[in-house]
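Grab a pencil and work through a few exercises on the structure below. Try each task yourself before reading its solution.

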Amino acid sequence: MSSVSGDSEDGVSRKKIKLSDEGEKSADHSVAEDLSAHVRLNSLEGFQLSEVLSENSYSKSIFLEGRFDKVSDKAIILLEKLPIHQDSVEKLLNNADLALNLKSNSTSDPNVVDYACYPPVCQGDIKATVIYPATNKHAEKYKRQPSFVVNETPEIYKSVVLPHIESQKFSLQWVHNILEHKSEAERIVFEDPDPQLGFVLLPDLKWDESEKNSLYLIAICHTKDIKSLRDLNASHLLLLKNIRTKALDAILKRYNIPSEKLRVFLHYQPSYYHLHVHFTSINKQVPRCQFEEARLLDTVISNIELLATYYQDVTLTYTLKSNDSLFSKLKEASVISS
């Protein structure tokens, strides 16, 4: 079973669909239309690699750019090693070959020896996510880039960051489509329809819903007047607490995962400027959950209770990649000297 991701550049439609080896077709015609460029993909044979965009040894993943043939559009493929499941351990132990790793010097204990392990290739060992057709913007997004630490004071936010956000006019139509049930409606786990305190809870595209230990859900607020953490103040405490209480309760009922097993946070800077909250399993290391990018929801609530205008008054530290358009603006303003 291979996973295919259709990532629309204008943000209007972003769907993740599984294609079975038997060529099953979805009854949802809108999904079928989104898959029009993918229905013929049943193998990566013949993929012509042009560049390795990036790789991550921690997540055991790699981004590749290339084409399926000389005349086809550009494609980007993410190959990601999946976790070893308990029900496959016996098969692995009975079929894997070992080779002594003579170059390893990871330990001085003579009782501990490293081996190269060669298990049989099983269905689903590697997840392939395909973006096709892919644009140069997609390639830049996934390309390895140096990161820099930014100390954003309230003054820098007002003079550089906020004008940049407002000038970019980032498309949020795909968010509005979800909130209005024009897309992804079948994937909604829970919804509170209140226009000020309500939200929609649904799986993030990075989670295929097959493994509870990799749980990743997003709560998207119905209110459209909160761009990011910087906008939050005491008037939003009811909203934040409502999201925390009802989303955690919904996750417990649906997946039987208690709040103690979940990481609940907001990003700053966010990937899109409409307030949303991330819910992930603490057993899964997810992108951008480092302390300089993720702010725990409990801490956000506590800070605002301590000081109503906390996020308007505090300096926020985060990292930016050098190809981020905000990075260029901050460099022009001499906030970043590199």
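What follows is a set of four exercises, each with a worked solution.

The model is predicted, so to speak of local features a pLDDT of at least 70 is needed, side-chain atom pairs count only at pLDDT 80 or more, and totals for chains, interfaces and linings use all residues. Residues are numbered from 1 along each chain as its sequence is written, and side-chain values use heavy atoms, with hydrogens and water left out.

**Exercise 1: backbone oddities**

Find where the cis peptide bonds at P133 and Q269 sit, then look at the phi angles of H181 and E184.

Step 1. Start with the background: most residues other than glycine have a negative phi, and most peptide bonds are trans.

Step 2. Y132 and P133 are joined by a cis peptide bond, with omega about -5°. P133 is in the loop between β8 (126-131) and α3 (136-142). Helices (H or I, at least four residues) and strands (E, at least two) are DSSP runs, numbered from the N terminus.

Step 3. The bond from Y268 to Q269 is cis too, omega being near -5°. Q269 lies in the loop between β13 (262-267) and β14 (276-281).

Step 4. Now phi. H181 isn't a glycine, yet its phi is positive, about 65°; E184, not a glycine either, has a positive phi of about 65°. H181 belongs to the loop between α5 (173-179) and β10 (190-192), and E184 lies in the loop between α5 and β10.

Step 5. Check accessibility, where buried means under 20% relative accessible area, exposed over 50%, and partly exposed in between (1.4 Å probe, protein chains only). H181 counts as partly exposed because its relative accessibility is 40%, whereas E184 is at 5% and so counts as buried.

**Exercise 2: strand β11**

Work out how β11 is packed and which strands pair with it.

Step 1. Strand β11 (residues 199-203) has 5 of its 5 residues buried, so the rest of the structure largely encloses it.

Step 2. Sort the residues by face: F199, L201 and P203 are buried on one side, V200 and L202 on the other.

Step 3. Find the partners; two strands pair if DSSP finds at least two bridges between them. β10 pairs with β11 in the antiparallel sense over 3 bridges, and a hairpin of 6 residues joins β10 to β11. Here D192 stands opposite F199.

Step 4. β11 is also joined by 5 bridges to strand β12 (residues 216-221), again antiparallel. In this pair L201 faces A219.

**Exercise 3: an open sheet**

What is the order of the 4 strands in the open sheet that includes β8?

Step 1. The order is β3-β4-β5-β8, with antiparallel pairing. The edge strands, each pairing on one side only, are β3 (48-56) and β8.

Step 2. Zoom in on β4 (residues 61-67) and β5 (residues 74-81): they pair over 7 bridges in the antiparallel sense. F63 stands opposite L78 in β5.

**Exercise 4: an annotated histidine**

Describe the surroundings of H276.

Step 1. The unreviewed UniProt entry places an "active site" feature at H276; such annotations may be inferred rather than shown by experiment.

Step 2. H276 lies in strand β14 and counts as buried because its relative accessibility is 5%.

Step 3. Leaving out residues up to four places away in sequence, H276 touches I218, A219, I220, L266, P270 and S271 (contact means heavy atoms within 4.5 Å).

Step 4. The H276 side chain also reaches the backbone oxygen of H274 at 2.7 Å.

Definitions and conventions
A polar contact is a pair of N or O atoms within 3.5 Å; within protein, one must be able to donate a hydrogen and the other to accept it, and residues adjacent in sequence count only if both atoms are side-chain atoms.
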